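Subject: Handover of a structure and notes on its contents

Dear colleague,

Please find below the structure that I am passing on to you. My notes on the salt bridges and the ligand follow it.

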Amino acid sequence: MRYEGRFYYRGELVEACIEIGEDGKIERIKKSMDGCEKIDGVLLPGGIDIHVHFREPGYEYKEDFYTGTLSAAFGGITFVVDMPNNNPPIDSVELWEEKKSTVGKKANVDFALFLMLKSYNGDVRVNAPFKWYMYEENIEKKNVPKGVFITVHAELKDCISSSSYLRGYDFARPEACERKAIKKLGEYGRKFHIAHISSVDSVDLCKIFGFTCEVTPHHLFLHRDMELGAFGKVNPPLRARWQAEKLWDSLINGRIDIVASDHAPHTIEEKEQDFESAPPGIPEVETYLPIFMRLVKENRIGLRRAVEVLMEKPAQLLGVKKGKIEMGYDADLIALKFSDVKRIRARDLHYKCGWSPYEEFYGIFPHSVILRGEKVIEKGEIIAERTGKFIPVPRGEES
Ligand code: NCD
Ligand code: ZN
């Protein structure tokens with residue numbers, strides 16, 4: 001299979017033809033070859049989202065692996081890593097294998113699966129990263145596994161309270177609580193990846209301890225003083241507008257490593273309860289890459305930095321051969337036209353929950369999506385379903 005067009009290759013856009021092998025990997029990249037199918041627009045590597053909650057098993061009424069990965073594909077994301085806070089929580093090899101086989105039959109993009117880190121399962125050997133919820137589990141240093149990627153939800157139980165309104169929620173789970181958790185991690189003398197960082201002081205702490213970190217689209221694009229009510233309730237909370245602006249600066253200047261969505265859908269009924277009862281979480285997986293592409297068009301972020309934080313670096317952190325248009329990498333590609341700016345509407349998205357806080361935003365959605373060489377979306381329509389496959393996340397040295 002050969003595709004030609006305007007590719008993002010080693011930091012710039014070049015006219016080229018790429019050849020893809022039977023195994024779905026890029027085999028050759030040349031100025032021109034015979035028999036290349038022309039793809040319109042600009043071709044970028046597919047987006048990599050290392051933090052999604054697709055709710056299966058246990059909460060399929062909010063989202064399931066089919067709808068979650070379909071939304072991902074339409075939003076230009078070709079690889080996701082799904083969180084383990086399912087029902088039952090995925091904390092053993094058996095549950096992890098079972099989840100892998102069930103969701104694997106429904107996946108529209110490639111995926112990996114987190115294992116939930118508990119004090120009793122650090123010795124589990126699977127090709128998966130771990131997720132540690134610090135507010136749920138206190139884990140001693142000896143029980144923290146080595147040689148494996150660990151994403152940490154850095155908030156501690158003892159500094160969390162509740163609130164009855166959105167602005168108050170920021171103060172109920174303050175930035176200081178996140179800092180306290182990161183400082184505690186610093187005492188472990190290990191490498192961690194900090195999820196959904198919510199303040200620039202936390203970013204500084206990550207730098208001091210040598211941790212990597214991710215920021216969510218909602219901590220960049222939304223803030224606590226918006227009229228969102230419980231639809232803006234999320235952990236850690238939305239902060240002040242100036243904080244969101246500073247996080248954006250940190251992302252641009254390289255202090256924040258990557259963007260990950262923390263796509264955490266809940267139903268409209270659940271979110272319409274009183275603020276205190278409403279569950280935390282915001283759906284995002286379909287809208288954030290398109291919003292970033294619109295910001296690229298407006299020169300708010302360079303294409304090179306956008307590709308780094310949305311594609312290259314997240315894949316690199318996990319050690320998977322994706323996120324780059326390069327020989328030996330999976331041929332996961334998205335094609336878009338920078339002139340295709342579109343107003344985001346929840347009814348056009350593919351989430352089961354049916355809402356989005358980004359209705360007022362504009363985005364540039366891909367018109368075509370290619371997964372390991374095969375077209376899955378063409379002219380905005382899904383043409384190949386359930387072709388996503390499980391991707392093992394390699395483990396490193398144990399020392
Ligand atoms: C997460 C969810 O809904 O699964 N919600 C969130 O606000 N990030 C759970 C959690 O991380 O607390
Ligand atoms: Zn999460």
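I begin with one pair of charged side chains. Asp 204 and Arg 255 form a salt bridge in which the closest N and O atoms are 2.7 Å apart. This pair links distant parts of the chain, as Asp 204 belongs to helix α5 (residues 200-209) and Arg 255 to the loop between α7 (241-252) and β13 (258-259), 51 residues apart. Asp 204 has a relative accessibility of 34% and therefore counts as partly exposed; Arg 255, at 33%, likewise counts as partly exposed. Please bear in mind that the model is a predicted one.

In total, the structure holds 31 salt bridges. Another of these joins the side chains of Glu 270 and Lys 62, with an N to O distance of 2.9 Å. Glu 270 sits in helix α8 (residues 268-271) and Lys 62 in the loop between β5 (47-52) and α1 (65-74), so this salt bridge ties together parts that are 208 residues apart in sequence. Both Glu 270 and Lys 62 are buried.

A further salt bridge is found between the side chains of Lys 322 and Asp 330, again with 2.9 Å from N to O. Where do these two residues stand with respect to the cut-off for burial, which is under 20% relative accessible area? Lys 322 counts as buried because its relative accessibility is 1%, and Asp 330 is buried with a relative accessible area of 7%. The two residues also take part in a network of salt bridges that links Lys 25, Asp 110, Lys 322, Asp 330, Asp 332 and Arg 372.

I turn now to the ligand. Ligand 1 is surrounded by 13 residues, the closest being Arg 55, Asn 85, Tyr 135, Asn 235 and Asp 262. By class, the shell around ligand 1 consists of five nonpolar, six polar and two charged residues.

Three polar pairs may be of use to you:

- Arg 55: an N or O atom of its side chain is 2.8 Å from an oxygen atom of ligand 1.
- Asp 262: a polar atom of its side chain lies 3.0 Å from a nitrogen atom of ligand 1.
- His 53: an N or O atom of its side chain is 3.3 Å from an oxygen atom of ligand 1.

On its own, ligand 1 has 310 Å² of accessible area, of which the protein covers 94%.

With kind regards

Notes
Residues numbered from 1 in each chain as written. Chains lettered and ligands numbered in written order. Predicted model: local features only at pLDDT ≥ 70, side-chain atom pairs only at ≥ 80, totals over all residues. Heavy atoms only, no water. Near = heavy atom within 4 Å. Polar contact = N/O pair within 3.5 Å; in protein donor to acceptor, adjacent residues only side chain to side chain. Areas by Shrake-Rupley, 256 points an atom, 1.4 Å probe, with all protein chains shown as cover. Nonpolar A, V, L, I, M, F, W, Y, C, P; charged D, E, K, R; others polar. Salt bridge = Lys/Arg side-chain N within 4 Å of Asp/Glu carboxyl O. Helix = DSSP H or I, 4+ residues; strand = E, 2+ residues; numbered from the N terminus. Buried < 20%, exposed > 50% of the residue type's maximum accessible area, 1.4 Å probe, protein only.
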